[in-house]
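Please open the structure in the viewer and keep the sequence at hand. The tour proceeds by selection, with a short account of what is found at each stop.

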Amino acid sequence: MSPLTQQQFGPALEIDARLTGLERTVDLLLNLTPVNAAEAWLDFERSDWGSAPTLRLRPLGFDPDLVRRDLYRLEIENVTDPALHALLRSKRDEIARQVTALEDRDTSRFVYGSLQLYGGITRSLAAEAEELLRLIPAQAPSGRSVTAGAFAEAARAEFHRYGARYPGFPVNVHVREDISELMVSFGHLLIPEAAAIRADRVEALLHHEVGTHVVTYQNGARQPLKLLTIGLPGYDETQEGLAVLAEYLVGGLDPRRLRVLAARVVAIDQMLHGADFLEIFESLRTDHAIPARTAWSIAIRVVVAGGSVKDAIYLRGISRLLDLLAEGVPLDVLFVGKLAVDHIPLIQDLLDREVLEAPWVRPLWLDVPGAQERLDRIRAGMSVTDLYEGAVSA
């Protein structure tokens, strides 16, 4: 960005930096991750699936009132660029909703905050999920798994592959005992200490987590607009859709994984219609033949904190991306940082004006053998059910 552009967008960039810092303070993802999931699973298993788990969340490390005060002290009215003004204002409001949702954890109000942040389940999305579960035969439990330590070693190797092609690409891999799910938080890959990861899912997960979530974080970090690291408003759906696309392009979106993405939507739909943890768990096992450990994982992600709808974004995100790619929209703009498809016109405008730069890192999953052929098939037109390519060996 030139000094002239820096001066022109100074107020916007200052507010952008402050919003980025505030969202890091709030850390929605980590603050909605149970700290006792491994122990809760053992208790649930010992109860012969009869006793709903008690999930503990970490105490908030910030004062909600102070964050709100800082949010609404931002002088967004001084941002003269209309597009950036609207973007910064909507991001401020999204962070305020995150704060309220975190205050409402473990109450009946939380689910409404989750709906505001991630959207609900449409009838068409629920129907697609049900169709996938009907279409794809129930899969036998997978065989060999790898430990958290082995996955961390593979992840570090993947980071180093990016570093070899893009010098300066940092290696941030951490095995932690206080999380229950694999996640990327602010460019750091966090691996649960108790994780047992399917061996045949390792490559796809690396492309999902490192090749998508970390890559877009690092690309965003090279931009003057730092919100592209933490995500523009509503970015989650597109980001997870892109990560699922990566799995598909490398041949890693197998029937088991597709069934999980569909089952998440079905479970959320049940939760929104009043089902509790045990009802959701039992329905996944008996109605859809989901293995017990997988059904547990899906169910706790849905009931955590009082009811979360976040997991619908995976199937909804890939469904929307399939439509977008069939319309001829290029993928490259989505690698600039963490953004939603609705932001593509704004981001393209900022690229054209050289306010933003072209992405620094190109995901390695685009170069995997067969990826281009799969992408060409998508561009010719595909539905979510077309992602199912047949049976998988047990």
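Which residue in β4 is the bridge partner of V175? Select V175 together with I191: the latter is the partner in question. Please bear in mind throughout that this is a predicted model.

**The sheet**

Extend the selection to β2, residues 173–176, and β4; these strands pair in the parallel sense over four bridges. A further partnership to display here is that of V173 with L189 of β4.

Add β3, residues 183–185, which is antiparallel to β4 and joined to it by three bridges. Within this pairing, M183 stands opposite L190 of β4. The hairpin formed by β3 and β4 has two residues between the strands, and F186 adopts a positive phi near 50° there.

With the three strands shown together, the open sheet can be read in the order β2-β4-β3, with mixed pairing. β2 and β3 are the edge strands, each pairing on one side only. Direction ignored, neighbouring strands of this sheet are turned by 35° against each other on average.

**Helices against the sheet**

Next select α9, residues 148–165, which packs on the sheet and touches β2 and β4. The direction of α9 makes about 165° with that of β4. Then select α10, residues 202–221: this helix lies across β3 and β4 and runs at about 25° to β3. Return to β4, residues 188–192, and colour the strand by accessibility; four of its five residues are buried.

**The pair α14 and α15**

Move to α14, residues 277–288, and α15, residues 292–303. Their axes come within 9 Å and cross at roughly 145°, and the crossing is right-handed. On the α14 side, display F277, I280, F281, L284 and R285; among the residues they meet in α15 are W296, I300 and V303. By class, this contact comprises 12 nonpolar residues, one charged residue and no polar ones.

**The last stop: α18**

Finally, select α18, residues 371–379. Which of its residues are buried? They are A371, R374, L375 and I378. These residues lie on the same side of α18 because they cover an arc of only 100° around the axis. An α-helix has 3.6 residues a turn, so residues three or four places apart point the same way. To see what the buried residues of α18 pack against, add α12 (235–249) and α16 (313–326). The tour ends at G381, which follows α18 and has a positive phi, near 115°.

Definitions and conventions
Residues are numbered from 1 along each chain as its sequence is written. This is a predicted model: local features need pLDDT of at least 70, side-chain atom pairs count only at pLDDT 80 or more; totals for chains, interfaces and linings use all residues. Side-chain values use heavy atoms; hydrogens and water are left out. Buried means under 20% relative accessible area, exposed over 50%, partly exposed in between (1.4 Å probe, protein chains only). Two strands pair if DSSP finds at least two bridges between them. Axes are lines fitted to C-alpha atoms, for helices over the stretch in contact, and angles run from 0 to 180 degrees between N-to-C directions. A crossing is left-handed if the near helix is turned anticlockwise from the far one by less than a right angle, and right-handed if clockwise. Contact means heavy atoms within 4.5 Å. Ala, Val, Leu, Ile, Met, Phe, Trp, Tyr, Cys and Pro count as nonpolar, Asp, Glu, Lys and Arg as charged, and the others, Gly among them, as polar. The arc is that of the directions from the helix axis to the C-beta atoms.
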